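Dear colleague,

I am passing on the structure below, and I would be glad if you could open it alongside this message. My notes on what was found follow it.

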Amino acid sequence: MNTVIRTAVMIMAITLVVNGAGSAKVSNLRCEYRENPLGIDNPKPQLSWILKSGQKSQSAYRILVASDEASLGRNHGDLWDSGKVASDDETGVLYRGKKLDPGMGCFWKVMVWDQNGRPGQWSHPAKWSFGPGHSGKWAANWIGFDKPRVDAEKRYEEKKLSFLLVPPRLLRKEFHIEKPVTRAILYAAVLGNYEMRLNGQRVGEDFFTSGWSKYSKRVYYNTYDVTARVKKGQNAIGGILADGWYAGHIGLKKYRDHFGRNPRLSGQLVLEHQDGSKTFINTDNTWQAATGAILESDFLAGETYDARLEINGWDEPGFDASGWNDVDVTEKIEAKIEAYPSVTVKAFQEIKPLSVRQPQEGSFVFDMGTNFAGIARLKVKGARGTKITLKFGERLNPDGTVYTANLRQARVIDTYICKGEGVEIWQPRFTFHGFQYVGMTGYPGTPDKDAITGIELTSSTPVTGSFECSDQRLNQLYHNICQTQRANFMDIPTDCPQRDERLGWTGDAQAYIRTACLNTDVQSFFRKWLVDLTDAQLKDGDFPKVAPAISKWIPHNSGGPAWADAGVICPWAIYEVYGDVHILARHYDAMARFVAFREKSAPDHLAPKAFHCYGDWLNINAETPKEVIYAAYTAGDARIMARVAAVLGKDNDVVKYNTLYENIKRAFNKAYVGKDGIIKGDTQTAYILALWFDLVDGPMKEKAAQLLVERIKERDWHLSTGFVGTRDLMHVLTRIGRTDVAYRLLFNDTYPSWLFPVKNGATSIWERWNSWTPEKGFGSTGMNSFSHYTYGAVGQWMFENIGGIKSVRPGYKEIVIKPVMTEKLTWAKVSYRCIHGPIVVDWKRDGQKVALKVVVPANVKATIFVPGKAEPVTVRAGSYEFNSEMP
C-alpha cells in the first residue's frame, strides 16, 4: 500500500458529541494581548477574551471598565460601558472610554450573547494599569556608577585580559513614609540590565529587564506593583545595574559598547496615599553607589561571584552607606521612553541532571538531559575562598569532557568563590548560556547530582501547542523544536544561545515564525521585535540582517533576499495567525518603503547587478542562484503587500502590488525558466521557490513539480535544501499532491534529514544538517550551533498534516481539519490553542479502522475531511467523533 493511505471508502459510523448549550461564559481576558499588564502606554488598548467550551458562537458583547474593582462589582463602568455591541469579535477590541490618567488602574470584565441571542454571565474581572505618561513626563534622572568601568579598563590593560569586564553596580536610597499608602507602583527603565530591590527583597521575577532595543531611539520601562513591599517608616530601594546588551559583549570578536559605554538606571516609585496625595521617589543625585560580590557579569563571558564580598543589608533600611560613592547622573536621554510591550524573560522550569561523571581527576560533568538556554544554580559547602568554576557546552568531546570549540570567542564560564558559611546556594543574575552539559572544577570533594540545578530561561510566551504520535522519534523531534525555540526566544528571536553571536537574524525569524506561533503565543513577542526591525530599517528602505541592529561586526546594511523580507513576511504571519490588523497598520509604511526599494533596485523586475545575498544558506552541495532567490522573494513580498493593502482598504495599492507581482512573474519565467521547464540552478530550492510563490503555471508548473521530485529522488529521496528551501519544502510537496514524498523525507533518519540528529542523540535543532556525524565528528567550529531553530520550521507542516489543523481565514476563524494518514503512524494527538480556544485532533488507526476525534472552539467554523469519506463535514464549535474504515 502507498505510504499515504488514500481516503475513498464509506464511513461506517459518525458520532457527533456536541457540548450542551448554556449561558455563554468568557475566560482568558487579555489587554494588549497579555494577562493583567501593568503600566501600558497605549491610550486605546486592545482587549481580547475567549468563549469557554460549550458555546457555539458569540453574537454580541458588552465591556465594562471601571477605575476601581468595587464599581465593577456593581456593574458600573465609570470609565467605559460599551453597551451591547452586535459583533462576534473577541480579539483586538479597542477601548473607547474616558481618557486615562497617568498611573490609573483599570478593572474590566465582559459578557457575551450566544448565537441564539441569550445573554451570558459576566466574566471574572481582569485589570490593567496605565503608565506614567509619555516620555516628557518621565521625571526620573538616569543614574550609574562609572568608576568601575575605569578600574576595569586599567586591569584589562595591565593584566592583558581576554575580556574587558565590568562589575555590576549597586545603587541605593532610603526614604521615609509617614502617611498610609494605598498603592505603590514602581516604574524602572535602563540602558543595560537591572534588578530592582525593595526593603531587602527582589522586585519581580524577570530576567534581563527592560529588554533590548535601539536605545538611541526608544528605551522600555517595566512596571511593578510593590504595595505589599513598602511599609510605614523607613524604607530602602535599590538596583543592581549591569552592562547587558547596551554596553556588554555582543556578537563576534569580543566587541562591546555597541550602544553606549556606561549603563544607566532610571526609576520612579509612586506612592499613593489615602488622602489622595502622591509621593515620588525618583532616581537622582541623592542615590549612592558601590560594587559588591558580582565581580564580572556579561552575556558572552559569564558571571563571577565572590561571596566573601557580599554586602549584607545594602538594600535594607538602616544600612550604613557612609563609605559609598555618589552616583553619576544623566538628567535625561533623547530616546522615547515606552512601556515594555512584550512578555518578559522568566524561568520556564528547573531541570535536574540525569547524571554526573568524572572524566578527569577533579573535573566533573553534569548531563542535564536536554540542550536548553539558561543558567545553573550551584549548591556547595566549602571552606572560605574555595573557587568553583562552571563551564558550559552542548555536546561532549570523545573523552567525556565538555565540548566548547563551537563557542568561538565566547568565554561562557561562571565562577563562584565560597564565603565558608555552611551550605551556599548561588545562581547568576545577568548572563545566560546555551548548554546540555556543565563542567565543574574546584568542587570540594565529589558532588552529588543536586549540586547543579538547571534554570531554563525564555521569554514567557504562553504554551499553545502540543504534538504526540506513535513514533517516538517524531515526539523527540517536536521536543527539540520547542526546546530550541525557547532557547532562542530571549527578548528577541536569536539565531543561537551559546556562542559569540546571539543576534536577531531576520532570515531565521521569517523562516520559522509560523511554527513559533503554533508552539506558543508569540503575538506580543513579535510585536516588540517588529518594532526593533522597523527601528533598524535602512534609509533607502531596505531591512538589515539583524534586529536590533548593532554597530560593530555586523555591518548595518542589507539583509538580502530571504533575510530582509522578514519586514514583510513577519507582520503578515502575525496577522494570519492572530487576526492582528493593528500590526499591519503600524508597519505598513515600513513594508511599503521596503518593497519600493526592491522595485527601484531592479527596474527590469529581476535582481540588480550587485546585491547582498546569503543564498540558500547551509544547503547540501546544491547552490541555488542568488538572483532566483531575489526575484522569488520579491514577488512574494509584492503578493503579500497586495493582500495587506486589501485588508487595510488601500484599493489603489492592491492594484499596484498585484501588477508588480505579475511583472516579476513574467520576468522570472523569461529569465529563469527554460522551455524544458528547468529553472535556473536546477536545484530542489529553485523549484520550491517557483512553486511556493506561484511563479509558474500550467505545463511549467507540472514540470517544476516533476523536477522537484526528481531532484529529491536522485539524492536517494533526501533533501538538499538550506535555510531558504527547507522552509517551504514540505508544504510544496503537499501542494503538488506528493505528501508521500514529504512523509518519506520526514521519516528519513540518515543524513541529511530531520531525524538524523534525533538518531544521534540530539535534544535540540542543529544549525547544520551535519553539525555532527559518526564519520567526521563535529562540523566546522567556525559556525556550528546545536541550538538553531530554522530547520524546526517543519513543525508547522507536522501540525497541518499529521494533525491536519490548518487555518483558512485569519485568526483561525475558519479552519480545515484534514489529517493525512500514513502507514508509519498508528495514532496522533495534536492540539493548538488559537485565539478562540483549543483545537484538538486525536486519531487512531487499528488496521483498516480509523477513529477520529475533533474539538472545535467557539466562534470557529471547521470543515472536517474524515478519512474514508468523499465529502467533508462542516461544523461549528463542539466535540466530534468519527469512525471509518479504510480500504
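Helix H8 bends by about 55 degrees at His587, and I begin there, with the caution that this is a predicted model. The helix covers residues 581–601, and at 1.5 Å a residue its 21 residues should span 30 Å, which agrees with the 29 Å that separates its end C-alpha atoms. At the start of H8, the backbone nitrogen of His582 has a side-chain oxygen of Asp580 within 3.1 Å.

The residue at the bend, His587, is itself buried, and the other buried residues of H8 are Ile583, Leu584, Tyr588, Ala590, Met591, Ala592, Phe594, Val595, Phe597 and Arg598. When you read that list, it may help to recall that an α-helix has 3.6 residues a turn, so residues three or four places apart point the same way. As for what lies over these buried residues of H8, the cover includes helix H6 (523–535), helix H7 (566–578), helix H9 (626–647) and helix H10 (651–672).

A second place to look at is Gln510, which is found in helix H5, residues 506–519. Gln510 has a relative accessible area of 4%, and because the cut-off for a buried residue is under 20%, Gln510 counts as buried. Its side chain makes a polar contact of 2.6 Å with the side chain of Arg727, and another polar contact, of 3.5 Å, joins the side chains of Gln510 and Tyr633. Leaving aside residues up to four places away in sequence, Gln510 touches both of these partners, Tyr633 and Arg727, together with Ala562, Ala566, Ile569 and Cys570.

Turning to the whole protein, you will find 16 helices and 47 strands in it. The radius of gyration is 28 Å, close to the 29 Å that the globule rule gives for 887 residues, so the protein is as compact as a globular protein of that length. Taken along the principal axes, the C-alpha atoms fill a box of roughly 85 × 70 × 60 Å.

Of the 887 residues, 62% count as buried, while the accessible surface of the protein comes to about 33000 Å², with 48% of that area belonging to carbon and sulfur atoms. Among contacts with a separation of 6 or more, 74% are made by residues that lie 24 or more positions apart.

With best regards

Methods:
Residues numbered from 1 in each chain as written. Predicted model: local features only at pLDDT ≥ 70, side-chain atom pairs only at ≥ 80, totals over all residues. Heavy atoms only, no water. Helix = DSSP H or I, 4+ residues; strand = E, 2+ residues; numbered from the N terminus. Expected span 1.5 Å × (residues − 1). Bend = angle between axes of the 7 residues up to and from the residue. Buried < 20%, exposed > 50% of the residue type's maximum accessible area, 1.4 Å probe, protein only. Contact = heavy atoms within 4.5 Å. Polar contact = N/O pair within 3.5 Å; in protein donor to acceptor, adjacent residues only side chain to side chain. Rg over C-alpha atoms; globule rule 2.2 N^0.38 Å. Areas by Shrake-Rupley, 256 points an atom, 1.4 Å probe, with all protein chains shown as cover.
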